[in-house]
Amino acid sequence: MQPIKAGDGVWQITLPTPFAIGPVNVYIIQSEKITLIDAGPKTEEAHQAFVSGLEAIHLTPESIDQIVLTHHHPDHTGLVDYFAGDIPIFAHPHCEPWLAHEPAFIKRYNDYFRDLSVQMGVPAKASDQDPSIEDYLAYSSRASVDHFIQEGDRATGLADWEVLDVPGHASSHIALYRPYDKLLIGGDLLLEKVSSNAILEPPFHDNDLAPRTLLQYRHSLRKCLDIEVDKVLPGHGNIFSGAHGLILERLKQQVKRRHDVLSYFQAEALPVFTIAKEMFSKAYQSQLDLVLSEIQGHIDWLVLRGDIQASIKDGVVYYERTDHLGDGLCPIDV
Ligand SMILES: [Zn+2]
């Protein structure tokens with residue numbers, strides 16, 4: 001596939017991935033430096049497509065001065081391993097343990113999801129089929145972030161581009177925004193045809209609480225309503241305009257899903273897995289991790305609103321309706 005001119009000095013190159021989401025987009029920004037935004041999965045096919053894409057715009061991998069990662073997912077980071085030597089990497093601090101494959105982090109991740117699986121009431125047989133972090137990291141790179149960037153920072157050589165923190169789909173997620181032509185390089189924050197999943201993650205530090213990813217995600221979407229966006233250059237799918245309308249639609253769909261999840265709570269107290277299985281009777285068999293993230297996210301929201309409450313029995317967390325339904329007590333988001 002030929003690269004697409006995505007804006008002044010910005011090229012989009014689309015690469016194949018072995019994942020259900022399909023191809024991933026990476027971007028080349030030609031300004032004071034030549035910057036690659038995101039780096040595709042670590043596969044030979046993606047690498048070949050990347051090299052041919054660069055050739056079509058008269059570049060080679062050696063022309064790239066630096067890499068910026070929008071978030072840590074392997075379909076956005078794996079090709080970093082194909083760059084020789086010390087090419088500088090800019091990313092959010094939360095990318096580091098994923099890129100570095102930090103043993104303490106991997107252990108915390110595995111322990112967290114093992115315990116969470118019990119709390120959600122997932123039968124051992126079902127949780128065994130879930131991909132492990134090791135499966136996941138196979139397509140990721142082994143590198144280290146050289147420069148941490150967060151909200152308000154600008155990467156060297158990208159003076160026109162503001163960094164925005166947009167956690168939710170990943171806690172490491174940033175977007176790049178160029179005010180003069182209102183371009184937003186959004187990673188997986190907002191995709192035109194698919195609603196991004198607010199994937200559960202373990203706490204970043206040992207004693208932190210785990211992030212409430214759906215609520216973070218909603219906050220990040222709303223934040224983008226405060227900036228004018230002409231075009232979104234997404235991590236998957238076509239470049240699109242009309243970002244504000246799409247954000248409002250996504251926020252509304254989430255409210256609808258919250259109502260749907262609540263409707264499962266009648267007289268009986270239920271764990272997350274029971275709702276996941278009933279609501280996504282097919283998808284839960286093949287994509288259990290995403291389905292559980294989806295349900296847990298909405299349950300976090302319902303708890304915060306005061307619509308449901310939790311109790312623990314034999315290590316499993318059960319949720320049931322409260323009597324102050326609809327009070328909208330949630331301080332973050334109603
Ligand atoms: Zn992603």
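In which helix is Leu-262 found? In this predicted model, Leu-262 belongs to helix α8, which spans residues 243-263. The residue is buried, because its relative accessible area is 9%, under the 20% cut-off. Leu-262 is distant from Glu-44 along the chain, with the two positions 218 residues apart in sequence numbering. In space, their C-alpha atoms are 45 Å apart.

Two helices further along the chain pack against one another. Helix α9 covers residues 272-279, and helix α11 covers residues 288-305. Two packed helices are described by the angle between their axes and by the distance between those axes. For α9 and α11, the angle is about 115°. Their axes lie 9 Å apart. The crossing of this pair is right-handed. On the α9 side, the contact is formed by Val-272, Phe-273, Ile-275, Ala-276 and Met-279. On the α11 side, it is formed by Leu-288, Val-291, Leu-292, Ile-295, Gln-296 and Ile-299. Sorted by class, the contact of α9 with α11 has 10 nonpolar residues and 1 polar residue. No charged residues take part in the contact of α9 with α11.

Aromatic rings form a further set of contacts. The structure holds 8 aromatic pairs. A pair of this kind is described by the distance of the ring centres and the angle of the planes. One of the pairs joins Phe-50 and Phe-83. Their ring centres are 6.0 Å apart. The planes stand at 65°, so the pair is edge-to-face; the cut-off for that class is over 60 degrees. Phe-50 sits in helix α1, residues 44-56. Phe-83 sits in the loop between α2 (74-77) and β6 (89-91). The pair therefore ties together parts that are 33 residues apart in sequence. Phe-50 and Phe-83 are both buried.

Trp-98 and Phe-105 make another edge-to-face pair. The distance is 5.2 Å centre to centre, with 70° between the planes. Both Trp-98 and Phe-105 are buried. These two residues also belong to a cluster linked by ring pairs. Its other members are Tyr-109, Tyr-112, Phe-113 and Phe-204. Elsewhere, a charge meets a ring: the charged end of Arg-258 sits over the ring of Trp-301. The separation from the ring centre is 4.7 Å.

The loop between β9 (174-178) and β10 (183-187) contains Asp-181. Asp-181 counts as buried because its relative accessibility is 19%, and the cut-off is under 20%. Apart from neighbours within four places in sequence, Asp-181 is in contact with Asp-8 and Asp-230. Lys-182 lies in the loop between β9 and β10 as well. Its relative accessibility is 27%, so Lys-182 counts as partly exposed. Lys-182 is not a glycine, yet its phi is positive, at about 60°.

A positive phi also occurs at His-58, a residue other than glycine. The value for His-58 is near 60°. His-58 is found in the loop between α1 and β5 (66-68). The residue is exposed, with a relative accessible area of 74%.

Two further loop residues are buried. Ala-198 is placed in the loop between β10 and α7 (213-225). Its relative accessible area is 5%, so Ala-198 is buried. The C-alpha atoms of Ala-198 and Tyr-217 are separated by 6.4 Å, and the two residues are 19 apart along the chain. Tyr-217 is among the contacts of Ala-198, when neighbours within four places in sequence are left aside. The others are Gly-168, His-169, Thr-213, Leu-214 and Ser-293.

Thr-43 lies in the loop between β4 (34-37) and α1. At 12% relative accessibility, this residue also counts as buried. Thr-43 touches Pro-18, Leu-79, Tyr-82 and Tyr-139, not counting residues up to four places away in sequence. Thr-43 and Pro-167 are 124 residues apart along the chain. The separation of their C-alpha atoms is 27 Å.

How values were computed: Residues are numbered from 1 along each chain as its sequence is written. This is a predicted model: local features need pLDDT of at least 70, side-chain atom pairs count only at pLDDT 80 or more; totals for chains, interfaces and linings use all residues. Side-chain values use heavy atoms; hydrogens and water are left out. Axes are lines fitted to C-alpha atoms, for helices over the stretch in contact, and angles run from 0 to 180 degrees between N-to-C directions. Helices (H or I, at least four residues) and strands (E, at least two) are DSSP runs, numbered from the N terminus. A crossing is left-handed if the near helix is turned anticlockwise from the far one by less than a right angle, and right-handed if clockwise. Contact means heavy atoms within 4.5 Å. Ala, Val, Leu, Ile, Met, Phe, Trp, Tyr, Cys and Pro count as nonpolar, Asp, Glu, Lys and Arg as charged, and the others, Gly among them, as polar. Rings of Phe, Tyr and Trp (its six-membered ring) pair if their centres lie within 6.5 Å; planes under 30 degrees apart count as stacked, over 60 as edge-to-face and the rest as tilted. Buried means under 20% relative accessible area, exposed over 50%, partly exposed in between (1.4 Å probe, protein chains only). A charge sits over a ring if NZ of Lys or CZ of Arg is within 6 Å of the ring centre and within 35 degrees of the ring normal.
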